[in-house]
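Me: Please take one helix of this complex and look at it closely. Then work outward from it to the parts around it.

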Amino acid sequence: MDGKVVTTNDNVRESAHGTANAAAGVSEASVRGGRGMMRGDDFLGMSRQCRLTLVRNLAVYGVVLLLGLLLFVALCYQRLQALRYETGGLSASIDAERYWFPILLLAAAAWQWLFFDTAICHGVSRRTFVKASAIGGIVMAIAVSVSMVAARYVLISSGKEGTCFVGIRGCFLGEPFDLPRSEQFLYAWQRVSYTGGASGSGFSPMLVGGVLFMFLKFLSLMLAYVAVGTVLGAVLAWAASKGTWGVVAALFVACLASQLLGSSSVLWTDEWLGRFAAAGALGNWLVQAASGRVISHPSAGVEIGTYVVWIPVAESLVLFALCMWITYLMTARREIHPARQRA
Amino acid sequence: MNANLTITDLSKRYGSTVALDGVNLTLRPAIHGLFGRNGAGKSTLLGVIANRLLPDGGAVELDGANVRENESAQSRIYLVNETLPFLLGARISTIFKREERYYGGFDWPFSARMLAAFGIEPGRAYGHLSLGQRMIVRLVAALCVPTDVLLLDEPVLGLDAVNRDLFYRFLLESYGERPRIIVISTHIIDEIAHIVERAAIIDHGRIIDAFDAESVGSRATVLTGESACVGSFVEDCGLQVISRETMGRLATVIVRGPVEAADLPSGIAASALGLQDYVIRVTSGAVGPDMPDISDHQEAGDETGAVSSSKGE
Amino acid sequence: MHFDDSSGEPLFRQVADQLNEAIVSGLYREGEQVPSTTEISTTYRINPATVLKGMNLLVERGLLEKRRGLGMFVAPGAAARARGAKRDEFLDNRLPQFIAEARRLGFGPKELTELIEKEYAS
């Protein structure tokens, strides 16, 4: 409506233009521009829906990340206070890798399950929704990795001879938190067993680029959590579409799985315990290799361990791609039914 | 405004139930009424157009582009039904801002005027509103986004008579300002009979009639008279019967198409059906071979009221 | 204005008749703008296309004219034309119907004339 000003107190709308236009059959395309409506919507080649969904995803993950970090800082502080006042008999320090597992898992699952409806109801395609989840998930994993590895590296490098805890894993500060599986990639080690059951071990100095390896291992773990969480969310959504019992069953399974994965089982055990005893066994070797530890026995009683970080990285990337693909397959058929029952 | 929404052979089933059975429909900028019984497929059809439901066959095209999983097409389509993609805790203004972001614009003055007319304060939280008020807020948003296609699935369910009237007023005002494709699916047909320009009737997943609303009088004729007399007249003229009722010797037969007053023998009276009555009559029978599948004809065929498939049936 | 579903008259024709009546009665004078399609549409809850069709009917009859970019206006001489059309309609339809009905009820022409004059006087 060219030149027409509409205010909230305007009871009589001057619609002469509109009438004349309608009467003359003129296209009303110009009307759209007249009310300050934004029509340009391509940003970096992304459609408006794409950009908005990605931003929303990053915002949701960002909030979760922030809360997670705050809680983590609080836990570390609590741990440091405990160390100050109690000596001996304390449990292990905070395992940061295990800490982030449920957070990333649930964040990815929650997004996948709960934010789908709003997206689709605003014109977002299913393809974009999953793409945004993937991109946001990667960003979230990197953000967690950068913050955790940087903080851990500060702790490690400030550990001096005489103030650090010397153990099987080398000399470094173990408190208030550590990254047990990732830190192993800072070193290589050698274990020799002597006659009579005694053994001695030695560690190489910190490898050049060790921090990068640590970062990559940690990142691969985070990516794996995000990947599994995303699929979990898609499965929960599918179960929910089958009715309330589906949700209950799915949640039960999810809790069970989380418990299993979180407890001291295959993934979390300090494998080095079993390793020495079963030196050379194939199954043991596979488990070790899967997490990046390649162990060689050059001679009887001597073990050389090297950490090969590209193995877990490759595994994680494959897992991530696979999970995203499965999620897409499931989401591509996901529908939003009206709240009323369908006939 | 030259948008064109074409639905071709759309079909969808839920397990063994057929929701849409080869729907063909063309929609141009106008207010369209979509009528049919519960479970006829209205909500499913609208859901498929809005990419919320996925069809098993056929296609929906907006200006030639398939709308399925197509974001640029979907940003021009807006559906209001009972799904609530709004966070209950959000304020109304927040909700409107979100719609503005996703659809590239929002008519704020118009929305303020509508909320005032409906007596809803814009600062209130969506979750604190009654069900009827929530629907009103969603309808206000629907009228204020600059989309080319507006789909309203049972928009006035839960609104009292005054609010319904107000809504129709604002709907017509919005359409008058900016003509676009508006589809209203409703059971309250009488109220909307003058408001819609085109009517489409869907039954058992198929479009059984589509016509200009004002020419509903020529879609069917009610013949009343002595039973045998009416019966023979119907047979002689080869008229297609929609329904038949007898009360003693008096029969009321509803046939398809118009009947010229001049052709009527004495003793038989003819009258026309209003839109609601016509929809009731034509959807209350069982589906079968006598119910032709009518592909939508835009201009010519409908003006004369002739039913396109009368040749074959 | 009032619109009736049961009268059997198509709605657009009712719109045209009502506007016609308004012009005849002088409510809308020559050169004056009539309400827009949107205004009539929203006030009486009628589809704008129907309103437009009714208005176009009056344009054909020469009672309204479209001014591009402005709207619909009462054409010059419309009132007289409309009144003339109504008179013609009265003479062509209503009067013969009236006479036919009177005849059916048994009124003779002289009797009828007296009654008519009495009616005019009151």
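Reply: What follows begins with one helix and moves outward.

The complex is a predicted model, in which local features need pLDDT of at least 70, side-chain atom pairs count only at pLDDT 80 or more, and totals for chains, interfaces and linings use all residues. Residues are numbered from 1 along each chain as its sequence is written, while chains are lettered from A and ligands numbered from 1 in the order in which they are written. The predictor assigns an ipTM of 0.84 and a pTM of 0.81 to the complex.

The helix chosen is α3 of chain B, residues 92-103. Helices (H or I, at least four residues) and strands (E, at least two) are DSSP runs, numbered from the N terminus. The twelve residues of α3(B) span 17 Å from first C-alpha to last, close to the 16 Å expected at 1.5 Å a residue; the expected span is 1.5 Å times one less than the number of residues. B:Gly104, with a positive phi near 75 degrees, follows the helix.

The buried residues of α3(B) are B:Ile92, B:Phe96, B:Arg98, B:Glu99, B:Glu100, B:Tyr102 and B:Tyr103. A residue is buried if 20 or more other C-beta atoms lie within 10 Å of its own, exposed if 12 or fewer, and partly exposed in between, with C-beta atoms placed from the backbone. The cover over these residues includes α3 (48-85) of chain A as well as β6 (77-80), α4 (108-118) and α5 of chain B.

Next come the nonpolar cores, each a set of buried Ala, Val, Leu, Ile, Met, Phe, Trp, Tyr and Cys residues joined through C-beta atoms within 7 Å. The largest has 111 residues, and B:Ile49, B:Ile77, B:Val140, B:Ala142, B:Leu151, B:Val183 and B:Ala199 touch the most other members. Helix α5 (residues 131-144) of chain B gives this core its largest share, nine residues. Apart from that core lies another, of 62 residues, including A:Leu104, A:Ala107, A:Met140 and A:Ile336. Leaving out residues up to four places away in sequence, B:Ile77 touches B:Ile49, B:Ala50, B:Val67, B:Thr147, B:Val149 and B:Leu151. Contact here means that the C-beta atoms of two residues, placed from the backbone, lie within 7 Å.

Further along chain B, the loop between β7 (149-153) and α6 (161-177) holds B:Glu154. Most residues other than glycine have a negative phi, but phi of B:Glu154 is positive, near 50 degrees. B:Glu154 is buried, with 20 other C-beta atoms within 10 Å.

Where chains B and C meet, the contact takes 16 residues from chain B and 15 residues from chain C. On the side of chain B, β3 (30-35) and α6 give two or more residues each, and α6(B) supplies the largest share, seven residues. By class, this side has eight nonpolar, three polar and five charged residues. Here Ala, Val, Leu, Ile, Met, Phe, Trp, Tyr, Cys and Pro count as nonpolar, Asp, Glu, Lys and Arg as charged, and the others, Gly among them, as polar.

Chain C has a mean pLDDT of 88, with 94% of its residues at 70 or more; pLDDT is the predictor's confidence in each residue, from 0 to 100.
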